[in-house]
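This note sets out several points for a colleague reviewing the structure. The points concern aromatic pairing, one helix, two individual residues and a pocket.

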Amino acid sequence: MKVAKADSIVLIQGESGVGKGLFASLVHKASKRKEGPFIRVDCSAIPESLIESELFGYKGGAFTGAMANGKPGHFEMAEGGTLFLDEIGELSLGIQVKLLRFIEENEVVPLGGTASKKIDARIIAATNRDLDDMLKNATFRRDLFFRLNVVPLKIPPLRERSEDIPSLVHYFLNKFNSKFKTHKTIRPRAVDALCRYSFPGNIRELANLI
């Protein structure tokens, strides 16, 4: 909640399934930008050939198959709100350079365009990759890392906070009972057994299990 009040860039790190997206959404909803859009981009799901046009937009005719009138990118769509860049460790070095320019100048240049455009959007980035290793291997830019790592949030895996498991079990039990119009219950012995499990898939695995 303290982080939300400031307009700083936030870098959330944690294993897959720990709830990085939920934390990013909470930061947005508690911030002064809560009335603005919350745009989530899964950097690992966009093909390398399309990621530049998806993030920064493009002018009409910028490439074969482009819409005649062009298309705004995710940065422009996040104007006045928050842009959540999930799995930022998957971005190529070339795109990292363009992202660095936006962070430094709050400007984007659409693909095929020549004029830059000022954008007012807060960035929250997240990754399950070890960025320290990526820095050593030169697969993640050091200057971009320090620009993103203004407010670092590390979410521990579920196996390191087993005291959260009972609450999460009952939360998901109530959620799915409501969704499927059922009245399932769970015995304390079963909850104890779940607390002894390591949950390599973290909260996502627990939700699927319930």
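1. Rings of Phe, Tyr and Trp, the last by its six-membered ring, are taken to pair if their centres lie within 6.5 Å. In this predicted model, ring pairs defined in that way link Tyr171, Phe172, Phe176 and Phe180 into a cluster. The structure holds eight aromatic pairs.

2. Within that cluster, the centres of the Tyr171 and Phe172 rings are 5.0 Å apart and their planes stand at 70°, so this pair is edge-to-face. The cut-off for that class is an angle over 60 degrees. As to burial, Tyr171 counts as partly exposed because its relative accessibility is 49%. Phe172, with a relative accessible area of 8%, is buried.

3. Another edge-to-face pair is formed by Tyr197 and Phe199, with 4.6 Å from centre to centre and 75° between the planes. Tyr197 has a relative accessibility of 36% and therefore counts as partly exposed, while Phe199 is buried at a relative accessible area of 0%.

4. Which residues of helix H2 are buried? They are Lys20, Gly21, Ala24, Ser25, Val27 and His28. These residues cover an arc of only 160° around the axis, so they lie on the same side of H2. An α-helix has 3.6 residues a turn, so residues three or four places apart point the same way. On the face turned away from the buried side, H2 carries the exposed residues Leu22 and Lys29.

5. Against which elements do the buried residues of H2 pack? Their partners are helix H1 (2-5) and the strands S1 (10-13), S2, S3 (82-86) and S6 (122-127).

6. Pro37 is found in the loop between H2 and strand S2 (38-42). With a relative accessible area of 27%, Pro37 is partly exposed. When residues up to four places away in sequence are not counted, Pro37 touches His28, Met77, Ala78, Glu79, Gly80, Gly81 and Thr82. His28 also belongs to the buried residues of H2. By contrast with these contacts, the C-alpha atoms of Pro37 and Leu158 are separated by 30 Å, and the two residues are 121 places apart along the chain.

7. His74 lies in helix H4, which spans residues 74-77. Is His74 buried or exposed? Its relative accessibility is 15%, and because the limit for burial is under 20%, His74 counts as buried. Leaving aside neighbours within four places in sequence, His74 is in contact with Ile39, Val41, Glu54, Leu55 and Leu83.

8. The largest pocket has a volume of about 390 Å³. Its lining comprises 20 residues, and those nearest the centre are Gly17, Gly19, Leu22, Ile203 and Arg204. Two or more lining residues come from each of helix H2 (20-29), helix H8 (165-180) and helix H10 (202-209). H8 gives the most to the lining, with five residues. By class, the lining has eight nonpolar, six polar and six charged residues.

9. Leu22 links two of the points above: this residue is exposed on the face of H2 turned away from the buried side, and Leu22 is also among the lining residues nearest the centre of the largest pocket.

Terms used. Residues numbered from 1 in each chain as written. Predicted model: local features only at pLDDT ≥ 70, side-chain atom pairs only at ≥ 80, totals over all residues. Heavy atoms only, no water. 1 Å grid on protein atoms, 1.4 Å probe; cavity = no way out; pocket = protein on both sides within 12 Å on 5 of 7 lines; lining within 4 Å. Points joined across faces, edges and corners; volume = space filled by probe spheres on them. Helix = DSSP H or I, 4+ residues; strand = E, 2+ residues; numbered from the N terminus. Nonpolar A, V, L, I, M, F, W, Y, C, P; charged D, E, K, R; others polar. Phe/Tyr/Trp six-rings, centres within 6.5 Å; stacked < 30°, edge-to-face > 60°. Buried < 20%, exposed > 50% of the residue type's maximum accessible area, 1.4 Å probe, protein only. Contact = heavy atoms within 4.5 Å. Arc of directions from axis to C-beta.
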